[in-house]
Protein chains: 2
Amino acid sequence: MQGMLDQMRSRGYRITRARRAVTETLDTAEAWLSPETVQRRAQESCPGLGLVTVYRTLALLSDLGCIRRIHLEDGCSGYARADLPHGHHVVCRSCQQVVEFPGSEDLSPLVERVQHQTGFQIEDHMLELLGICPECQKQEGS
Amino acid sequence: MQGMLDQMRSRGYRITRARRAVTETLDTAEAWLSPETVQRRAQESCPGLGLVTVYRTLALLSDLGCIRRIHLEDGCSGYARADLPHGHHVVCRSCQQVVEFPGSEDLSPLVERVQHQTGFQIEDHMLELLGICPECQKQEGS
DNA sequence: TCCTTATTGAAAAAGAATTTCAACAAGAGA
DNA sequence: TCTCTTGTTGAAATTCTTTTTCAATAAGGA
């Protein structure tokens, strides 16, 4: 979290109350958050925080690579902390919990194959795993 | 394409001029299409086709598994034909061309690993490769 | 503490997707 | 082929989301 604010600072962005609140909210969240949820939670430490500022800060943090958009069937406007430069997320379908996992060496053979078969020059990939987190598994069992 | 219409029919949906046009548009497209683009193209065989109907038909085809949403950095409202039950797409960054490639045996080790490390019960995944298609590579060269 | 200027919030605007509803047409049955 | 039922359509209105504009504010260097 210090990391996020530091990155902002080092790139010349000012550290405001609003940015601090949004950043902290995302940094301490276990789950992916919608802009509205970010606003609601961040308002606890920054009363009156506007949704516009939330959107702007989300864009900023996203540009800095500090957070990453979560893509789901029904909407892709959620965000979660991104600690790893080339990380991906496992997402819980029932409670929105997210856990990041590192890279994708495992993908190399696949990328190679597709590159060959399609002739595409592959430069990037997006990967996301969907499932049920341990906590929700327990609840389902009962 | 007959396939898409057949699926609709067999599930009791009526085959209308509008649905025929939207379905054909998506079936013959080389690239992913936005709802607006679908409308524009489909209107050639179905004049006056409304955007509302396009949205409805996209939702229907998506439910039937005939098309799949394309996820990109800046927006996820594109759709492309999905022939393979568990296929994924390679997407060209410069011209939006898409090619489907089959499954993900390659992913099993990764899924296993993440399952172990996080305790998540992983049920599904989304994967998309991004790059430059052969045609656009040539143009870049010149 | 002062001053410059990036940042903020409110309102307005723009954009995307959904709901409502009367008119229409697909297609089963006569 | 004609009729009738009912699913489907398009237009308008509505809702929801995101972006732009702009005057007021506050961050942080001098």
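This passage describes the symmetry, the chain interface, the DNA-facing surface and one helix pair of a predicted model.

Chain A is superposed on chain B by a rotation of 179 degrees, with 0.0 Å of shift along the rotation axis and an RMSD of 0.1 Å. This is the relation of a two-fold axis. The contact surface is shared by both copies, since 100% of the contact residues of chain A recur in chain B. Within chain A, the residue closest to the rotation axis is Leu127(A), whose C-alpha lies at 2.2 Å.

The interface between the two chains brings 31 residues of chain A into contact with 31 residues of chain B. On the side of chain A that touches chain B, at least two residues each are supplied by the strands β3 (88-92), β4 (98-101) and β5 (121-132) and by the helices α5 (108-118) and α6 (134-141). The largest share comes from β5(A), with 12 residues. In terms of residue class, this side of chain A comprises 19 nonpolar, 8 polar and 4 charged residues.

DNA strand C is surrounded by 19 residues, of which Ala18(A), Gly50(A), Thr53(A), Ile15(B) and Ser77(B) come nearest. Elements of both chains give two or more residues to this surface: α2 and α4 (51-63) of chain A, and α4 (51-63) of chain B. The most is given by α4(A), which provides 3 residues. The surface near DNA strand C divides into 8 nonpolar, 6 polar and 5 charged residues.

Helix α2 of chain A, one of the elements that give two or more residues to the surface near DNA strand C, also packs against helix α1 of the same chain. The two helices span residues 17-28 (α2) and 2-10 (α1), and their axes are 9 Å apart at an angle of about 140 degrees. At that angle α1(A) is oblique to α2(A), because only angles over 145 degrees count as roughly antiparallel. The crossing of the two helices is right-handed. From α1(A), the contact is made by Met4(A), Leu5(A) and Met8(A), and from α2(A) by Arg19(A), Arg20(A), Thr23(A) and Asp27(A). By class, the contact of α1(A) with α2(A) contains 3 nonpolar, 1 polar and 3 charged residues.

Terms used:
Residues are numbered from 1 along each chain as its sequence is written. Chains are lettered from A and ligands numbered from 1 in the order in which they are written. This is a predicted model: local features need pLDDT of at least 70, side-chain atom pairs count only at pLDDT 80 or more; totals for chains, interfaces and linings use all residues. Axes are lines fitted to C-alpha atoms, for helices over the stretch in contact, and angles run from 0 to 180 degrees between N-to-C directions. Helices (H or I, at least four residues) and strands (E, at least two) are DSSP runs, numbered from the N terminus. Angles under 35 degrees count as roughly parallel, over 145 as roughly antiparallel, 65 to 115 as roughly perpendicular and the rest as oblique. A crossing is left-handed if the near helix is turned anticlockwise from the far one by less than a right angle, and right-handed if clockwise. Two residues are in contact if their C-beta atoms, placed from the backbone, lie within 7 Å. Ala, Val, Leu, Ile, Met, Phe, Trp, Tyr, Cys and Pro count as nonpolar, Asp, Glu, Lys and Arg as charged, and the others, Gly among them, as polar. A residue is near a molecule or strand if its C-beta atom, placed from the backbone, lies within 6 Å of it. Copies are superposed by least squares on the C-alpha atoms of residues with pLDDT of at least 70 in both.
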